[in-house]
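Visitor: Can you take me through the ligand site in this one? Please fix your terms before you start.

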Amino acid sequence: MEIAGKVALVTGAGSGIGRACAERLAREGAKVVVVDIDTAGGEETVRRITAAGGEAAFVQGDVGTPEGIAETFRAAKRVFGRLDIVHNNAGIMTGDTPGWPDAPLEKVHRVIAVNTSGVIMGTRAAVEAFRGHGEGGVVVNTASIAGLGPLPFDPVYAASKAAVIHFTKSCAILKELENVRVNAVAPGMVDTPIIAKTGDGTRPAKWLEPSLEGAVLLPPERIAEEVVRLIRDDALAGEVSVVMHESAQPAAGG
Ligand code: NAD
């Protein structure tokens, strides 16, 4: 799909990978709907895109509930009149205050709700939005290499991302059925605030320290580059693209 002139929605675009993807898509000529639960972060992304000469608007939304998804997509479709690209990227970790298996039940459910249900419901809402103009579209989901190998200290996060991988592969058929290509990017460790959110939010969890020692974290822009490739290549559907530094171990990612 040619990106210039299209309308893209990116969730979790108020920080890290989502922000880098939103900025890159705007540079490629898309109008970008920046979605985040965090208003300050989302507005800052819009400010950066606009300052660079791009077009973007912020929609505050929570992708961790069905109502939140429905409201977010309703509002997002109104902004530029349609959607062509949806990047379901928002994600959270269980954190260490306390971590698994003592994490409060609400936190455990929230990780699944945002990381897995958010992607499934976001894909569903995207297909519905694309049907509105009948020209199909592209969905990119953010998985993780934690969905491929074990992540012993945050198994809930690992499971939530494994589900995203299997869901995305199983959505390959939507290309034939709906003219919608669903792909995923599965990053290794990327230099974003989520690394500190493995711990108390200010510093990484103790269990991550050995993996961080001497590790090369990818810049979020590297993930954006891959997302653009997944959007552009019309042959790709149900593709899960692993992006990690060559020195990284498959189970060490966020
Ligand atoms: P981040 O914490 O910098 O950004 C995540 C963004 O998602 C934040 O702006 C946050 O406010 C937003 N968000 C959280 N819950 C939300 C909700 N319910 N509704 C809407 N927005 C919500 O982290 P990041 O590293 O940029 O993470 C982006 C994605 O990449 C996540 O899915 C994460 O699991 C995945 N990922 C990250 C890494 C890494 O090492 N950074 C590795 C693999 C996968």
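Guide: A polar contact here is a pair of N or O atoms within 3.5 Å; within protein, one must be able to donate a hydrogen and the other to accept it, and residues adjacent in sequence count only if both atoms are side-chain atoms. This is a predicted model: local features need pLDDT of at least 70, side-chain atom pairs count only at pLDDT 80 or more, and totals for chains, interfaces and linings use all residues. Residues are numbered from 1 along each chain as its sequence is written, and side-chain values use heavy atoms, with hydrogens and water left out.

Visitor: How far is the side chain of Lys197 from the ligand oxygen?

Guide: An N or O atom in the Lys197 side chain is 2.5 Å from an oxygen atom of the ligand.

Visitor: And which atoms of Asp62 and Ile17 are involved?

Guide: For Asp62, a polar side-chain atom, 2.8 Å from a ligand nitrogen. For Ile17, a polar backbone atom lies 2.8 Å from a ligand oxygen.

Visitor: How much of the ligand does the protein bury?

Guide: The protein buries 96% of the 830 Å² that the ligand exposes when taken alone (Shrake-Rupley method, 1.4 Å probe).

Visitor: Which residues come nearest to the ligand?

Guide: Ser15, Asp36, Tyr157, Thr192 and Lys197, out of 33 around the ligand (a heavy atom within 4 Å).

Visitor: What is the make-up of that shell?

Guide: The shell has 14 nonpolar, 13 polar and 6 charged residues, where Ala, Val, Leu, Ile, Met, Phe, Trp, Tyr, Cys and Pro count as nonpolar, Asp, Glu, Lys and Arg as charged, and the others, Gly among them, as polar.
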